[in-house]
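Please look through the model shown below before reading on, and keep it in view while the paragraphs lead from one part to another.

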Amino acid sequence: MAFLAFKPISTTASTSLSILILLLVFSLSPLTRSSPEGEPTPTPWPHQFHAILFMNYSGILQKIDLWYDWPNGRNFNIIQHQLGKLLYDLEWNNGTSFFYTLDSNKECSSAQVEVGILRPNWLDGATYLGQKHVDGFLCNVWQKVDFIWYYEDVVTKRPVHWVFYTGREAHVMTFEVGAALEDAKWQAPAYCFDKQNTNAAGSAIADIGVLRGSVAQSM
């Protein structure tokens, strides 16, 4: 496995990096659909959904509006730091990502990686660990390549909780199957296409290639 080197990053960038590694690892991993007889398997993600996630990393809190749109090859994370910056992380299945703000600073950066957004069946081949009560729900638990622990409600089959290997936790507050964001909201602002735009916040995130493919080139 080859690795890329990156500059030190902010907490916002670190959150996106965790999800980025997730995407790359599972985009490049071979699919394995088989599982021991009788063991439950993770429910594939709906092709379109909207989820609100609360992220906690050693007391550092964020809220993420996640819009997943597999048919149109796009994924959108709107990341709100507690009492801090609102960051837009827009990803396309062709490997292009934009990271920007919509405030007066007009910060923006972009990255091009070799993998697209997570497939709906990215959890195929995960190892089943049993059941556990989390956030008040009885969940089936799976582990994927020592990177993420995924908790799914036994009754509704909705995701409840994710834990990354770093200890960063995602708590799923809402999960709206079939919800879609209007097309106009998927357009990055014009200043993202200005090559002279080198604002620090955006470029710091671009250094780690948010959400998609910054760590491994091959497995």
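Are F49 and F175 buried or exposed? In this predicted model, both F49 and F175 are buried, and these two residues are a useful place to begin. Their rings form an aromatic pair with centres 4.6 Å apart and an angle of 35 degrees between the planes, and the pair is described as tilted because that angle falls neither under 30 degrees, as stacked rings require, nor over 60, as edge-to-face rings do. F49 belongs to strand β1, which covers residues 48–57, while F175 belongs to strand β11, which covers residues 169–177, so the pair ties together parts of the chain that are 126 residues apart in sequence.

From this pair the view can be widened to the aromatic rings around it. Ring pairs link F49 and F175 with W45, Y68, W122, Y150 and W162 into a cluster, and the count of aromatic pairs comes to 16. A ring can also take part in another kind of arrangement, as Y57 shows: the charged end of R168 sits over the ring of Y57, at 4.1 Å from the centre of that ring.

The next stop is W149, a residue of strand β9, which is made up of residues 148–153. Is W149 buried, exposed or partly exposed? With a relative accessible area of 24%, W149 counts as partly exposed, because this value lies between the 20% under which a residue is called buried and the 50% over which a residue is called exposed. When neighbours within four places in sequence are left aside, W149 is in contact with L129, W142, Q143, H161, W162, V163, F164 and Y165, and one of these residues, W162, also appears in the ring cluster described above. With Q143 there is in addition a polar contact of 3.5 Å, which joins the side chains of W149 and Q143. A126, for its part, is 23 residues from W149 in sequence, and the C-alpha atoms of these two residues are 9.2 Å apart in space.

Two loops deserve a look for the backbone angles found in them. L83, in the loop between β3 (74–81) and β4 (86–92), has a phi near 55 degrees, which is a positive value in a residue other than glycine. K106, in the loop between β5 (96–100) and β6 (108–112), likewise is not a glycine and has a positive phi, of about 50 degrees. As for accessibility, L83 counts as exposed at 90% relative accessibility, whereas K106, at 46%, counts as partly exposed.

The loop that holds K106 leads on to β6, and with that strand to the cysteines. Which residues does the disulfide join? A search of the whole structure finds one disulfide, and this bond joins C108 to C192, with a distance of 2.0 Å from S to S. C108 lies in strand β6 and C192 in the loop between β11 and α2 (200–206), so the disulfide ties together parts that are 84 residues apart in sequence. A disulfide is a covalent bond between the sulfur atoms of two cysteines. The torsion about the S-S bond of C108 and C192 is about 110 degrees, so this disulfide is right-handed. Both of its ends count as buried, C108 at 3% relative accessibility and C192 at 11%. Another residue to find in the model is C139, which counts as buried at 0% relative accessibility.

Conventions. Residues are numbered from 1 along each chain as its sequence is written. This is a predicted model: local features need pLDDT of at least 70, side-chain atom pairs count only at pLDDT 80 or more; totals for chains, interfaces and linings use all residues. Side-chain values use heavy atoms; hydrogens and water are left out. Rings of Phe, Tyr and Trp (its six-membered ring) pair if their centres lie within 6.5 Å; planes under 30 degrees apart count as stacked, over 60 as edge-to-face and the rest as tilted. Helices (H or I, at least four residues) and strands (E, at least two) are DSSP runs, numbered from the N terminus. Buried means under 20% relative accessible area, exposed over 50%, partly exposed in between (1.4 Å probe, protein chains only). A charge sits over a ring if NZ of Lys or CZ of Arg is within 6 Å of the ring centre and within 35 degrees of the ring normal. Contact means heavy atoms within 4.5 Å. A polar contact is a pair of N or O atoms within 3.5 Å; within protein, one must be able to donate a hydrogen and the other to accept it, and residues adjacent in sequence count only if both atoms are side-chain atoms. A disulfide is a pair of cysteine sulfur atoms within 2.5 Å.
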